[in-house]
Amino acid sequence: MPITFKQLKGPKGLPVIGSIHKIDLPNLHNQLESWSEEYGKVYKLILGPSKLTVITDPEVIQLILRERPDKFRRMSKMDEVMTEVGVNGVFNAEGEDWKAHRRIVNKGLDVKHQQQFYPEVVATLERLFNKWNNAVGQNQEVDVQQDLLRFTVDVTTSLAFGYKMNTLEEEGGVIQEHLEKIFPMIFKRINAPIPFWRYYRTKTDKVFDNAVVEINKLVDEFIVSGKKKLADNPKLREQPSNFLESLLVAAEEEESITDEDVRGNLLTILMAGEDTTAHTLAWAIYLLAEHPEIQTKLCEEANTVLGDDKWLKDYSSNTLLVYTEAVALETMRLKPVAPLLFNEPLEDMEVNGYLFKKGCKLLMETRYASMQEENFSNPEQFRPERWIKQEQGKCPMGHDTKAYVPFGAGPRFCPGKNLALLEMKLVLSMLMKNFSVELITPKEEVKEIMAFTMMPSSYQVKLTKRK
Ligand code: HEM
């Protein structure tokens with residue numbers, strides 16, 4: 001007989017509210033991991049009227065993620081919260097609708113587009129180098145997180161709209177300021193057991209509403225100018241020069257894609273592409289600051305691949321940055337920025353001996369598995385070598401990729417994975433070719449903060465120019 005929700009163990013709660021009082025939202029992923037130690041890899045968590053099944057078992061997680069969109073969907077509350085703010089895109093679409101969204105998003109993010117768009121990424125990388133180089137010249141401490149957010153917002157906006165944003169040099173990037181307010185609120189609402197905001201708007205709700213209106217206005221302006229550009233230059237239809245143009249062409253070709261969907265996917269790409277990559281890079285730099293020996297190895301690789309250049313100018317050579325990619329992968333094992341995935345079954349489903357009833361809430365915490373000795377040996381250690389095939393042969397490091405899903409898995413895995421890895425390799429190779437990094441903020445003061453993405457609390461570093 002499969003194990004039912006009722007039979008699952010879980011933290012003891014109070015009448016009516018369950019365990020709501022125990023939840024510390026910015027630390028939710030750590031709480032879920034430590035409860036997994038106590039109650040197993042599948043357990044229950046009752047938060048007022050919400051009954052959640054928490055899953056950290058990698059086999060169960062893989063089986064669920066691979067059965068989308070036919071047997072499982074993202075948690076319906078996520079769609080409700082996102083639709084409410086006007087985001088109807090690939091992230092919250094379901095079923096046949098999702099398939100149409102995903103087709104057009106894949107097209108806009110494929111390697112061909114990435115290659116076409118490379119000169120713009122390199123120009124943004126040069127601005128990041130200049131900013132860090134100036135900081136070194138003036139002997140200033142550097143807030144790399146803020147710079148990285150500006151880097152990814154510039155890259156994502158130029159990919160999405162073909163618009164050269166340049167928040168790296170001009171303070172006060174409008175899009176980024178709005179997104180900063182939108183992200184944490186969406187996370188808070190998805191996790192709120194009762195939707196208070198529908199009955200009463202607090203000051204923060206109003207700031208959030210305003211950010212949503214403003215960002216929608218901006219995106220609408222981009223759509224109008226994108227349509228005009230396509231009308232003025234019909235040749236662009238064959239080779240759209242950015243994600244917006246790809247979407248507009250697809251919307252003309254696919255009846256099911258509306259203007260509303262174009263806007264939803266632009267917002268989705270802006271939201272999904274910015275914080276995730278910036279915070280992963282911020283974690284990588286934090287970890288590197290603790291490991292000078294890994295910085296040296298990165299520098300050696302950068303010297304070989306970049307030659308005399310300060311950053312990677314030739315797109316095709318990015319595949320040679322093998323150790324740099326391993327650093328990015330290892331960073332995402334220890335510090336995955338999206339460790340929580342919310343899904344629900346579309347029918348009663350038995351998975352690996354558990355019965356999940358139609359519509360029940362499944363909250364997957366994905367880091368737990370990648371920190372277990374049975375999946376990765378010495379899991380607490382930052383060892384990029386474990387991602388390099390030749391090294392694995394020489395020194396077995398216990399390596400089970402099933403237990404590693406920082407980009408999700410199955411048909412809905414992250415379509416921005418290649419772009420994210422490219423950005424990470426570019427920034428890390430540029431950084432290590434030119435500078436060494438030292439943490440100024442005491443290590444123990446840097447905390448993990450969960451606000452939709454799991455980011456480090458603010459920290460400062462000192463960059464030193466390499467001879
Ligand atoms: C380090 C950077 C990134 C990480 C760790 C990350 C992680 C994830 C994860 C965990 C998911 C959910 C997958 C699932 O449900 O199986 C996801 C979905 C998604 N990501 Fe990323 N992501 C990153 C960067 C990006 C970038 C750069 C873009 C686009 C420019 C992007 C666009 C998306 C989209 C559109 C989805 C929804 C896919 C769907 O539902 O079909 N992501 N990402």
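Here are three short exercises, with solutions, on a predicted model.

**Exercise 1: the ligand shell**

Work out which element gives the most residues to the shell around the ligand.

*Solution.* Start with the shell itself: 27 residues surround the ligand, and the closest are Ala 272, Gly 273, Gly 408, Cys 414 and Gly 416. Next, look for elements that give two or more residues to this shell, and you'll get α4 (95-109), α11 (259-290) and α16 (417-434). Of these, α11 comes out on top, giving seven residues. To finish, sort the shell by class: 17 residues are nonpolar, eight are polar and two are charged.

**Exercise 2: the open sheet**

Find the edge strands of the five-stranded open sheet.

*Solution.* First write down the strand order, β1-β2-β7-β4-β3, where the pairing is mixed. Then check the two ends: β1 (42-47) and β3 (72-74) each pair on one side only, so they are the edge strands. Neighbouring strands here are turned by 35° against each other on average, ignoring direction. Now zoom in on one pair: β2 (residues 50-55) and β7 (residues 361-365) run parallel and are joined by four bridges. On β2's side, Ile 55 has Met 364 in β7 as its bridge partner.

**Exercise 3: Lys 361**

Decide why Lys 361 counts as partly exposed.

*Solution.* Place the residue first: Lys 361 sits in strand β7. Count next: it has 19 other C-beta atoms within 10 Å, and buried would take 20 or more, so Lys 361 is partly exposed. Beyond its neighbours within four places in sequence, Lys 361 is in contact with Ser 50, Lys 51, Leu 52, Thr 53, Met 75 and Glu 344. Take Leu 52: the two residues are 309 apart along the chain, yet their C-alpha atoms are separated by 5.0 Å.

Note on methods: Residues numbered from 1 in each chain as written. Predicted model: local features only at pLDDT ≥ 70, side-chain atom pairs only at ≥ 80, totals over all residues. Near = placed C-beta within 6 Å. Nonpolar A, V, L, I, M, F, W, Y, C, P; charged D, E, K, R; others polar. Axes fitted to C-alpha atoms, helices over the stretch in contact; angles between N-to-C directions. Buried ≥ 20, exposed ≤ 12 C-beta atoms within 10 Å, placed from the backbone. Contact = placed C-beta atoms within 7 Å.
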